[in-house]
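Trainee: Could you take a close look at the protein surface that faces the DNA? Please set it in its surroundings too.

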Number of protein chains: 2
Amino acid sequence: MSTVRKAVSLLELFTLEEPEIGLSDLARKAGLDKATARRLLMALAEHRLVEQEPASRRYRLGAGLTRLARIRDAQLPLVPVAIPILRKLSQQTGETVHLSEYSAGALLTIHVELSAKANRVNVNVGQILPLHGTASGIALLAFARDEVRRDCLEAPLTAFTTYTMTDADKVRQAVRLAAERGYSRSAQGYEEGVHSVAAPILGSDGYPIGTVAIASPVSRAGDSVAAIQGAMAIEAARSITARLIGEVVEPAGRMPT
Amino acid sequence: MSTVRKAVSLLELFTLEEPEIGLSDLARKAGLDKATARRLLMALAEHRLVEQEPASRRYRLGAGLTRLARIRDAQLPLVPVAIPILRKLSQQTGETVHLSEYSAGALLTIHVELSAKANRVNVNVGQILPLHGTASGIALLAFARDEVRRDCLEAPLTAFTTYTMTDADKVRQAVRLAAERGYSRSAQGYEEGVHSVAAPILGSDGYPIGTVAIASPVSRAGDSVAAIQGAMAIEAARSITARLIGEVVEPAGRMPT
DNA sequence: CCCATCGGTTCATTATTCGAACCGCCGTTT
DNA sequence: AAACGGCGGTTCGAATAATGAACCGATGGG
């Protein structure tokens with residue numbers, strides 16, 4: 001594996017649950033030698049992508065990431081634009097709503113508005129979602145470029161639950177349905193007990209850059225509820241798209257039927 | 001130079017002014033061979049730290065950065081906590097206000113609220129500020145750990161304008177004054193025509209993690225104005241500190257007089 | 001008091017990175 | 001239309017940087 005890949009994979013070990021990690025632990029988790037891990041960390045620290053807590057000597061993600069992320073956000077301000085809309089959507093539906101951004105064959109969860117209800121779906125910021133196993137992914141595929149769809153469907157489709165669609169044709173069919181309806185629907189494809197509905201956010205070229213999803217416990221999500229949620233997800237995604245681009249954008253293409 | 005450093009320095013070439021860069025250009029700016037730059041970019045792209053625009057084939061910062069930054073922010077939510085306070089401060093003073101975070105011997109500008117006035121100071125998100133040449137830096141040094149102060153003052157002090165303090169003793173004196181007053185003041189030390197006042201935001205250990213600064217054109221910043229701004233900066237920084245930690249924190253130490 | 005584990009360092013060995021030269025492509029200039 | 005220059009991308013022997021077992025001193029729980 002290339003050195004850079006190793007270094008970045010160190011960064012990816014930090015999660016919401018474990019935001020600070022010691023050297024030995026880090027090396028073990030990454031499958032690297034301690035010396036190697038340290039050299040990489042020092043290089044990352046020099047550019048402030050990681051920091052070392054002076055007291056505990058443990059490592060955590062650095063401020064340089066915030067800096068770089070804000071440079072990126074300035075040109076594509078998805079998060080700040082989307083937050084108020086997501087919040088409203090969460091309040092209206094009473095369910096957890098999350099925003100994901102497409103990047104290199106997967107969706108990255110970049111914001112979450114949790115439902116106020118006691119029985120709710122918990123989604124974590126930072127989670128990486130597979131395209132074929134989630135409503136968000138299906139919604140994205142439905143409006144993505146042909147290559148994206150092809151790349152996803154040609155790769156082996158891993159199962160996350162017993163409900164995950166692992167047959168490319170099944171996925172293709174779900175994508176087709178989403179392309180027709182404008183929103184996707186998926187139950188327990190990625191996590192047990194979770195039902196989701198999602199719609200794509202489009203970039204200025206008319207291809208999706210991310211998705212809005214509404215996640216409910218399966219117990220609360222019948223067909224009629226899903227249809228309503230679908231319409232609301234579309235509405236929210238359109239609204240975010242419009243604010244992002246400054247004008248209304250039509251999808252550049254969708255999965256042919 | 002280590003491979004990782006090269007890779008990260010590629011990331012740092014992206015700025016607000018130039019958020020998308022082509023391969024050759026990128027290699028030239030980084031002083032790397034085209035082949036090398038590409039290999040590094042591919043590794044970064046794999047982890048979504050950069051993305052390639054499919055149409056133009058140019059590169060830009062990736063969504064993975066947003067993801068990682070949000071994991072970090074979740075544990076140290078400086079930006080979301082600070083924004084409303086900064087905005088109010090900017091409105092009250094009529095000046096540009098910015099938030100910086102300390103990391104590895106420098107301050108990273110992570111949020112800016114621009115003044116509404118026509119004649120205002122423009123500060124860019126993502127700028128890296130030196131400790132000795134800015135009000136923010138002086139404010140931080142005034143309350144920082146001894147080692148931080150030592151490291152900064154022992155290194156050669158580069159001049160950014162003809163006004164920059166390059167004499168360690170002069171800086172030391174400014175830091176002492178800031179430690180007394182609780183806020184720092186600096187004119188044209190980093191950019192011509194800019195006057196700034198800053199106060200430190202403290203972490204739970206009582207040492208500064210960042211600063212709030214008010215930046216005005218020198219023409220608008222007399223002594224009395226500066227004193228008022230200083231008090232307001234302190235107030236804002238205290239308020240952010242309190243919200244961050246959940247309680248009022250006293251500085252763990254300050255530059256001895 | 002000991003043993004385990006921590007963060008960190010060293011240096012001969014080895015695997016990875018490097019980069020000049022090379023594609024094919026496209027838009028401009030001659 | 002031919003020649004050109006710059007682009008993104010690729011190749012492969014030479015050169016360099018990464019590697020990891022062994023080692024340090026410090027820390028802390030049994």
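**The surface at the DNA**

Mentor: On DNA strand C, a base oxygen sits 2.6 Å from a polar side-chain atom of A:K34. That is a polar contact, a pair of N or O atoms within 3.5 Å; within protein, one must be able to donate a hydrogen and the other to accept it, and residues adjacent in sequence count only if both atoms are side-chain atoms. The model is predicted, so local features need pLDDT of at least 70 and side-chain atom pairs count only at pLDDT 80 or more, while totals for chains, interfaces and linings use all residues. Residues are numbered from 1 along each chain as its sequence is written, chains are lettered from A and ligands numbered from 1 in the order in which they are written, and side-chain values use heavy atoms, with hydrogens and water left out.

Stay with DNA strand C. The side chain of A:S24 puts a polar atom 2.5 Å from a phosphate oxygen. For B:K6, a polar side-chain atom is 2.4 Å from a phosphate oxygen of this strand. Two or more residues each come from α2 (23–30) and α3 of chain A, and from α1 (3–11) and α3 of chain B. Helices (H or I, at least four residues) and strands (E, at least two) are DSSP runs, numbered from the N terminus. In total, 18 residues surround DNA strand C, with A:S24, A:K34, A:R38, A:Y59 and B:K6 the closest. Of the strand's atoms within 4 Å of the protein, 67% are sugar or phosphate. A residue is near a strand if one of its heavy atoms lies within 4 Å of it. This surface has four nonpolar, seven polar and seven charged residues. Here Ala, Val, Leu, Ile, Met, Phe, Trp, Tyr, Cys and Pro count as nonpolar, Asp, Glu, Lys and Arg as charged, and the others, Gly among them, as polar.

Now DNA strand D. It has 18 residues around it, and A:K6, B:S24, B:K34, B:R38 and B:Y59 come nearest. Sugar or phosphate makes up 68% of its atoms within 4 Å of the protein; bases supply the rest. Phosphate oxygens recur as partners. One is 2.7 Å from a polar side-chain atom of B:Y59. Another contact uses the backbone: an N or O atom of B:T3 is 2.8 Å from a phosphate oxygen. From chain A, the side chain of A:R39 brings an N or O atom to 3.0 Å from a phosphate oxygen. Two or more residues each come from α1 (3–11) and α3 (34–46) of chain A, and from α2 (23–30) and α3 (34–46) of chain B. The residues here divide into four nonpolar, seven polar and seven charged.

Both chains serve each DNA strand, so look at how they meet. Chain A gives 58 residues to their contact and chain B gives 57, counting heavy atoms within 4.5 Å. Together they bury about 4900 Å², with 63% of it on carbon and sulfur atoms. Buried area is the accessible area (1.4 Å probe) that two parts lose on being put together, summed over both. A:R48, A:R67 and A:R70 supply 15% of what chain A buries against chain B, more than any other three residues.

Last, the sheet of chain A. Six strands form an open antiparallel sheet, ordered β6-β5-β4-β9-β8-β7. Strands pair if DSSP finds at least two bridges between them. At the edges, β6 (128–129) and β7 (184–187) of chain A each have a single partner strand, so one side of each lacks a neighbour in the sheet. Six bridges link β4 (residues 96–103) of chain A to β9 (residues 208–217) of chain A. There, A:H98 stands opposite A:A213.
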